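Me: Please take a close look at one part of this model, its salt bridges, and describe that part within the fold as a whole. A connected account, with the cut-offs behind each term, would suit me best.

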Amino acid sequence: MFGSILTIGAMLGAITSGRIADFLGRKGAMRMSASFCITGWLAIFFSKGALSLDIGRFFTGYGIGVFSYVVPIFIAEIAPKNLRGALTTLNQLMIVTGASVAFVIGTIISWTTLALTGIVPCIFLLVGLWFVPESPRWLAKIGHEKEFQTALQRLRGKHADISDEMAEIQEYIVTLQSLPKAKLLDLFKSKHIRPVIIGVGLMVFQQFGGINGIGFYASQTFEEAGISSKTGTIAYACVQVPITMVGATLIDKSGRRPLIMVSATGTFLGCFLAGTSFFLKGYGLLLDWVPIIAVSGVLTYIASFSIGMGAVPWVIMSEIFPIHVKGAAGSLVVLVNWLGAWAISYTYNFLMSWSSSGTYYIYTGFSLLTILFVAKLVPETKGKTLEEIQSCINSDRSRRQDIIS
């Protein structure tokens, strides 16, 4: 329960994230999230019993839930189209870097001291936001024309010509303002259903591939396979960062679809190897090879997940929704992601008690389904502006309707 309560808080954060980001702005939402995280970490540090530990974990989860929506949205809205994928992936790189640092230093310091280290990046963020411009698209949406132009000029450079980009954004905003304010039920209308299916589907497959179970209980998994938990955990941490850096360099070159399909193929292989190692151990076969196969499987899984499945769904989520439904749609997608994270983190130990090999073979099946889903439904968004992506999705829907009629 303590392991999964973070994801319960994150689900609540996901439900409210879109509205908060639309009401307070992208920067305001991040400030609020950082405050929740700091409060949560302090509650854990000063805890004298289970209740304050759970409250701290819940508060931290709430802040992370809002962050997980607003950060990729903010990056997508401020980035030039040729750098949008790489910069959004940089967010995932920072996440895995933080996780890797926590994995490593958690082997040498107490958990109370470890809780204090979580406050440090929150403080850096609160200070850094004073020097970062607000999202120009959000400023244009709420009618702050002067601030919109100033922010865009700061982002593109003092001497950059922003007239074409300004005109494109303003034209798109005018179109959107003629549309009614989107509610949750509106997401399931025909004009929005395709991006909703894509966003929700990617988050389902990202989580049900097993990442939070494998990640939360990595040390336990290594011990069950016969490897030192400290050695395995440090190897796990060291693999994530360089591989995520590779993904960040590839996403705007190879494209979103190829990268996520290669990543899902790798997670399939990693889960298959890990599942096979537990199968062999259960039947007393090739026992000398079992630890090597298990570690190879888990590290292959983590490397493959880090290169695509970790970041690309968030990149695509930040790109495919029109701005007038971004709040409601983003909240739904992030809610589904954290619901999946809770389901996997809560059930992992139960599944492993049932069958260690069966657990990993189930995750293998979801990796295969990911490849099929991306091949059939997910569009390529590389090199397109957010407005061009909407035109592409709308034209695809029109072609399908013409075929049906």
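**Salt bridges in a helical fold**

Reply: Of the contacts in the protein (heavy atoms within 4.5 Å) between residues at least 6 apart in sequence, 81% join residues at least 24 apart. The model is a predicted one, in which local features need pLDDT of at least 70 and side-chain atom pairs count only at pLDDT 80 or more, while totals for chains, interfaces and linings use all residues. Residues are numbered from 1 along each chain as its sequence is written, and side-chain values use heavy atoms, with hydrogens and water left out.

The protein has 18 helices and zero strands, these being DSSP runs numbered from the N terminus (H or I and at least four residues for a helix, E and at least two for a strand). Its radius of gyration, taken over C-alpha atoms, is 22 Å, close to the 22 Å that the globule rule (2.2 Å times the number of residues to the power 0.38) gives for 405 residues, so the protein is as compact as a globular protein of that length. Along the principal axes, the C-alpha trace spans about 65 × 55 × 40 Å. Of the 405 residues, 52% are buried, where buried means under 20% relative accessible area, exposed over 50% and partly exposed in between, with a 1.4 Å probe and protein chains only.

Against that background, a search of the whole structure finds four salt bridges, each defined as a side-chain nitrogen of Lys or Arg within 4 Å of a carboxyl oxygen of Asp or Glu. One of them is formed by the side chains of D22 and R26, with 3.1 Å from N to O. Both of these residues belong to helix α1, which covers residues 2-45, and D22 and R26 are four residues apart there, or about one turn of the helix. D22 and R26 are both buried.

R26 also has a second partner, for its side chain meets that of E77 in a salt bridge with an N to O distance of 2.8 Å. This pair links distant parts of the chain, since R26 lies in helix α1 and E77 in helix α2 (residues 50-78), with their positions 51 residues apart in the numbering. How buried are these two partners? R26 counts as buried because its relative accessibility is 0%, and E77 is likewise buried, with a relative accessible area of 1%. Through shared partners, salt bridges join D22, R26, E77 and K141 into one network. Another salt bridge is formed by the side chains of R156 and E165, with 2.8 Å from N to O.

A loop residue, T385, adds a further view of how separate stretches of the chain come together. T385 is found in the loop between α17 and α18, the latter covering residues 386-404. At 11% relative accessibility, T385 counts as buried. Leaving aside residues up to four places away in sequence, T385 touches K81, R84 and E168. The C-alpha atoms of T385 and A79 are separated by 9.8 Å, although these residues are 306 apart along the chain.

To draw the salt bridges together, R26 meets D22 within helix α1 and also meets E77, a residue of helix α2, and D22, R26 and E77 share one network with K141.
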